[in-house]
Amino acid sequence: MMNSYSLPGIKFIGFVGAENLQREMMFKHLAGIPVGVFTDITPIAFCGVPTCEAVSTYNKNGRIEQTTLRFRTLDVLPTSRHVAFVVTDCNNQSYIIGQHEKPRPIVKVTRDTGTPNGDPAVATVEITLYAQKSLIPCAIT
């Protein structure tokens, strides 16, 4: 059995250094403890319509959730350090993808030169995280 859901529309994407996050955020959320982001969030300017989808599947005596965030941007993302991504949907609910500890999000950046007829030269970013709970609702302060 597979559960899948997608955010209704994304109005904000940003990143934070994973070292600045609370420890054990995933387990706190699973235990019903509210999770918050208490550090500065670096906004990412995106173009087009970003998507974020979480799919939960049964895997080897337990459930695993795969979250995939896709967007296009001109910003340069830090790929040499561990970061987590904060997403806010049109209902003002924020989520975090990543945490202080492993597992870490996989960041794939594809650069495109665009075309002479006007297609933009942007980077397509795909962030994927596999965890027991990978799209964690959070409060932003």
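Is K133 buried or exposed? Keep that in mind for a moment, and hello, everyone. What we have here is a predicted model, and I'd like to walk you through its salt bridges and then one of its strands.

So, K133: this lysine is buried, with a relative accessible area of 16%. The cut-off for buried is under 20%, so K133 falls on the buried side. And what does K133 pair with? K133 makes a salt bridge to E65, and their closest N and O atoms are 3.3 Å apart. K133 sits in the loop between strand 10 (123-131) and strand 11 (136-140), while E65 belongs to strand 6, so this contact ties together parts that are 68 residues apart in sequence. E65 is buried as well, at 4% relative accessibility.

How many salt bridges does a search of the whole structure find? The search turns up three, and we've just met one of them.

Let's turn to R70 and E126. These two form a salt bridge as well, with 2.9 Å between the closest N and O atoms. Here R70 comes from strand 6 and E126 from strand 10, and the pair links distant parts of the chain, 56 residues apart. If you look at their surroundings, R70 is partly exposed, at a relative accessible area of 37%, and E126 is partly exposed too, at 26%.

Now for E19 and R81. Their side chains meet in a salt bridge, at 3.5 Å from N to O. E19 is in the loop between strand 2 (10-17) and helix 1 (25-30), and R81 is in the loop between strand 6 (63-73) and strand 7 (83-89), so the pair ties together parts that lie 62 residues apart in sequence. E19 counts as partly exposed, with 47% relative accessibility. R81 is also partly exposed, and its relative accessible area is 40%.

Since strand 2 has just come up, let's stay with it. Which strands does strand 2 run antiparallel to? One is strand 7, joined to strand 2 by seven bridges. Within that pairing, F15 stands opposite F85 of strand 7. Another is strand 4 (residues 42-43), which runs antiparallel to strand 2 and is joined to it by two bridges. There, G14 stands opposite P43 of strand 4.

And why is strand 2 described as largely enclosed by the rest of the structure? Because six of its eight residues are buried.

That's my tour. Thanks for listening!

Note on methods:
Residues are numbered from 1 along each chain as its sequence is written. This is a predicted model: local features need pLDDT of at least 70, side-chain atom pairs count only at pLDDT 80 or more; totals for chains, interfaces and linings use all residues. Side-chain values use heavy atoms; hydrogens and water are left out. A salt bridge is a side-chain nitrogen of Lys or Arg within 4 Å of a carboxyl oxygen of Asp or Glu. Helices (H or I, at least four residues) and strands (E, at least two) are DSSP runs, numbered from the N terminus. Buried means under 20% relative accessible area, exposed over 50%, partly exposed in between (1.4 Å probe, protein chains only). Two strands pair if DSSP finds at least two bridges between them.
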